[in-house]
Amino acid sequence: MTQVIHISGAKGGAGATTCAVKLGLALAKEGERTLVVDGDCKCADGLEASGLTGLNVYTLADVEEGACRVKQAILQHPSSPNLYVLPSLDCKSGTTIERAVEECKPLFDFIICDGAAQAACKKAIVVSDPYHSSIAAAKRRGAELADGGIAEVTLIVNKVNGGLVFDGAILTPQEFASIVRLPLAGVIPEDLNLPLGKMRAATGKAFDVTAQLLLGKSKKVYGVIKPYSGVRGLIKRKMRERV
């Protein structure tokens with residue numbers, strides 16, 4: 001049965017779109033036929049995050065106007081054959097997106113809805129950074145999704161600086177998840193390369209671990225503290241202090 005998952009940022013800048021695309025890529029690597037629905041009707045951030053900007057011929061706006069079918073608006077990722085993206089640029093109605101998701105269910109193992117089609121989803125993942133200032137927003141978003149009929153709401157803690165966790169300057173992802181009362185679905189390290197369209201190997205590994213947890217192949221989340229332990233970790237922490 002197709003898993004349809006709604007991805008929602010606790011607040012702006014949490015990295016929900018990046019997580020949606022990279023999680024989709026990780027699932028595709030696991031052999032799962034995966035569709036990422038780009039819910040950004042104004043800027044098509046999902047297309048940009050997946051490296052497909054300018055490659056689309058149609059979007060759900062064209063489906064809405066009767067110019068094409070849903071299947072014609074879906075793009076297959078050129079470097080990851082199991083990954084597909086459905087843009088909604090200029091789409092005016094959320095109902096159109098929800099209907100498209102329902103139509104696509106027989107075609108995919110996973111459908112990742114980035115900020116869209118909540119009514120078509122039974123699962124949701126809240127994406128939050130690990131800072132105290134985001135606790136209230138993550139709690140509120142989790143409650144809103146549950147109240148909106150989502151049966152299973154979990155949490156990805158994104159942009160986690162392992163050095164700050166090691167030093168006790170910020171909460172561990174596990175502590176953050178406990179406070180907001182959401183099961184921990186994944187931990188993604190801070191990666192300043194992501195806005196540049198690149199990704200560190202450690203970040204890719206973190207998304208792979210998150211996908212394996214989602215698939216039931218593992219019960220672990222990515223460990224952000226390990227690189228900062230030992231002698232090498234001490235050197236890394238000292239270098240970070242000087243930056």
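Rings of Phe, Tyr and Trp (its six-membered ring) are said to pair if their centres lie within 6.5 Å; planes under 30 degrees apart count as stacked, over 60 as edge-to-face and the rest as tilted. The views below show a predicted model, in which local features need pLDDT of at least 70 and side-chain atom pairs count only at pLDDT 80 or more, while totals for chains, interfaces and linings use all residues. Residues are numbered from 1 along each chain as its sequence is written, and side-chain values use heavy atoms, with hydrogens and water left out.

**View 1. An aromatic pair between Tyr84 and Phe108.** Searching the whole structure turns up 1 aromatic pair. Tyr84 and Phe108 meet edge-to-face, at 5.4 Å centre to centre and with 70° between the planes. The pair links distant parts of the chain, 24 residues apart: Tyr84 belongs to strand E4, and Phe108 to the loop between helix H5 (94–104) and strand E5 (110–114). Helices (H or I, at least four residues) and strands (E, at least two) are DSSP runs, numbered from the N terminus. Are these two rings buried or exposed? Tyr84 counts as buried because its relative accessibility is 11%, and Phe108 counts as buried because its value is 5%. Here buried means under 20% relative accessible area, exposed over 50%, and partly exposed in between (1.4 Å probe, protein chains only).

**View 2. The open sheet and its edges.** Here you can follow 8 strands in the order E3-E4-E2-E5-E1-E6-E7-E8, with mixed pairing. E3 and E8 stand at the edges with a single partner strand each, so one side of each has no neighbour in the sheet. Two strands pair if DSSP finds at least two bridges between them. E3 (residues 75–76) joins E4 in the antiparallel sense over 2 bridges, with Gln76 opposite Tyr84. The two strands form a hairpin, with 6 residues between E3 and E4.

**View 3. Strand E4 beside strand E2.** E2 (residues 34–38) and E4 run parallel and are joined by 5 bridges; Val37 has Leu86 as its bridge partner in E4. What makes E4 (residues 83–87) largely enclosed by the rest of the structure? It is so because 5 of its 5 residues are buried. Leu83, Val85 and Pro87 point one way from E4, while Tyr84 and Leu86 point the other way.

**View 4. Strand E5 with E2 and E1 as its partners.** E5 pairs in the parallel sense with E2 over 5 bridges, and with E1 likewise in the parallel sense over 5 bridges. On the E2 side, Thr34 stands opposite Phe110 and Asp38 has Asp114 as its bridge partner. On the E1 side, the bridge partner of Val4 is Ile111. Both faces of E5 are covered, with Phe110, Ile112 and Asp114 on one side, Ile111 and Cys113 on the other, and all of them buried.

**View 5. Leu35 in the largest nonpolar core.** A nonpolar core is a set of buried Ala, Val, Leu, Ile, Met, Phe, Trp, Tyr and Cys residues joined through side-chain atoms within 4.5 Å. The largest one has 73 residues, of which Leu35, Leu86 and Ile111 touch the most other members. Helix H1 (residues 16–29) gives the most to this core, with 8 residues. Leaving aside residues up to four places away in sequence, Leu35 touches several residues, among them Tyr84, Leu86, Phe108 and Ile111; contact means heavy atoms within 4.5 Å. In soluble globular proteins, nonpolar side chains tend to be buried together.

**View 6. Ser8 and its polar partner Arg141.** Ser8 sits in strand E1 (residues 3–9). Ser8 is buried because its relative accessible area is 8%. Its side chain makes a polar contact with that of Arg141 at 2.6 Å. A polar contact is a pair of N or O atoms within 3.5 Å; within protein, one must be able to donate a hydrogen and the other to accept it, and residues adjacent in sequence count only if both atoms are side-chain atoms. Beyond neighbours within four places in sequence, Ser8 is in contact with residues including Ala16, Ile125 and Leu145.

**View 7. Helix H8 and its buried side.** In H8 (residues 173–180), the buried residues are Pro173, Phe176, Ala177 and Val180. They lie on the same side of H8 because they cover an arc of only 95° around the axis, taken from the directions from the helix axis to the C-beta atoms. These residues pack against strand E6 (123–128), helix H6 (135–147), E7 and strand E8 (184–189). Arg181, just after H8, takes a positive phi of about 60°.
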